[in-house]
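Biologist: I'm new to this model and would love a close look at one part of it. Could you start with the whole and then take me there?

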Amino acid sequence: LNSKPHLYDDSSQPIDTIHLTVYYFVPKNKKPLPLDKWRESLERSLEKVARFHKASFLGKSVLSYTIVVEPVIGENDSLFYDTDDTNRGNPAALRSISAELERRFPADLSKASREVAYIIYEGVGASGGDNTALLSIRYLTEEEYLPVQETLLAHEFYHTLGFPDGYNDKGESFQNDIMGNGRDRSISLTFILPESLRHVGI
């Protein structure tokens, strides 16, 4: 019996320690924001997500992170990474940018922790899956998203652990936690459903 917390759909993949490497990815036809426009907001949000994660997982899974402060300039223009339809969060950008990062920055397989790449994107959308998540930088820099920026960051991160969305294709929520309509609340006012935590061995 595996006593460690594990991926939502795979008990053989432990998630007791998780490390995020956070990249600011900028298509080559766009200009990166200065560091002081996003670094502090991102750091603050990641700290809150790490605390939320540790509390939600009862200390059995710990999240750490490294922010790569130098922008990663893409090999292509934004039209290459994006699609016309971002209703499901721009998964095309997630796939294409993930493949590029994997080729340009190979993962260090010697690390004991679960490694996740988090892309802060100078573009549109939000997506997560497998070992990679993506969030548009606008969610960290625009005033209207200030109350929920940590929640959105966490929501996409939890997709990398296998957590499914708690809403349908029309955006109608069928659960009240961070994967459903709880994604629209401050991280201090949302939670992870107990049955979802049981799926990961908590």
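What radius of gyration does the protein have, and what would a compact globule with 202 residues have? Then, please, where is the place of Tyr-145, and which residues does Tyr-145 touch?

Modeller: Happy to! This is a predicted model, where local features need pLDDT of at least 70, side-chain atom pairs need 80 or more, and totals use all residues. Numbering starts from 1 along each chain, and side-chain values use heavy atoms, without hydrogens or water.

The protein has a radius of gyration of 16 Å, which agrees with the value near 17 Å for a compact globule of 202 residues (over C-alpha atoms; 2.2 Å times the number of residues to the power 0.38). Its C-alpha trace spans about 50 × 40 × 30 Å along the principal axes. The fold holds 6 helices and 7 strands (DSSP runs: H or I of at least four residues, E of at least two, numbered from the N terminus), in the order β-β-β-α-β-α-α-β-β-β-α-α-α. Of the 202 residues, 49% count as buried (under 20% relative accessible area, 1.4 Å probe, protein chains only).

Now to your residue. Tyr-145 sits in the loop between α4 and α5, and at a relative accessible area of 16% Tyr-145 is buried. Leaving aside residues up to four places away in sequence, Tyr-145 touches Arg-138, Tyr-139 and Leu-152 (heavy atoms within 4.5 Å). With Arg-138, the side chain of Tyr-145 also makes a polar contact of 3.3 Å (a donor and an acceptor, N or O, within 3.5 Å; neighbours in sequence count only through side-chain atoms). Asp-184 is 39 residues from Tyr-145 in sequence, while their C-alpha atoms are 9.6 Å apart in space.

How values were computed. Buried means under 20% relative accessible area, exposed over 50%, partly exposed in between (1.4 Å probe, protein chains only).
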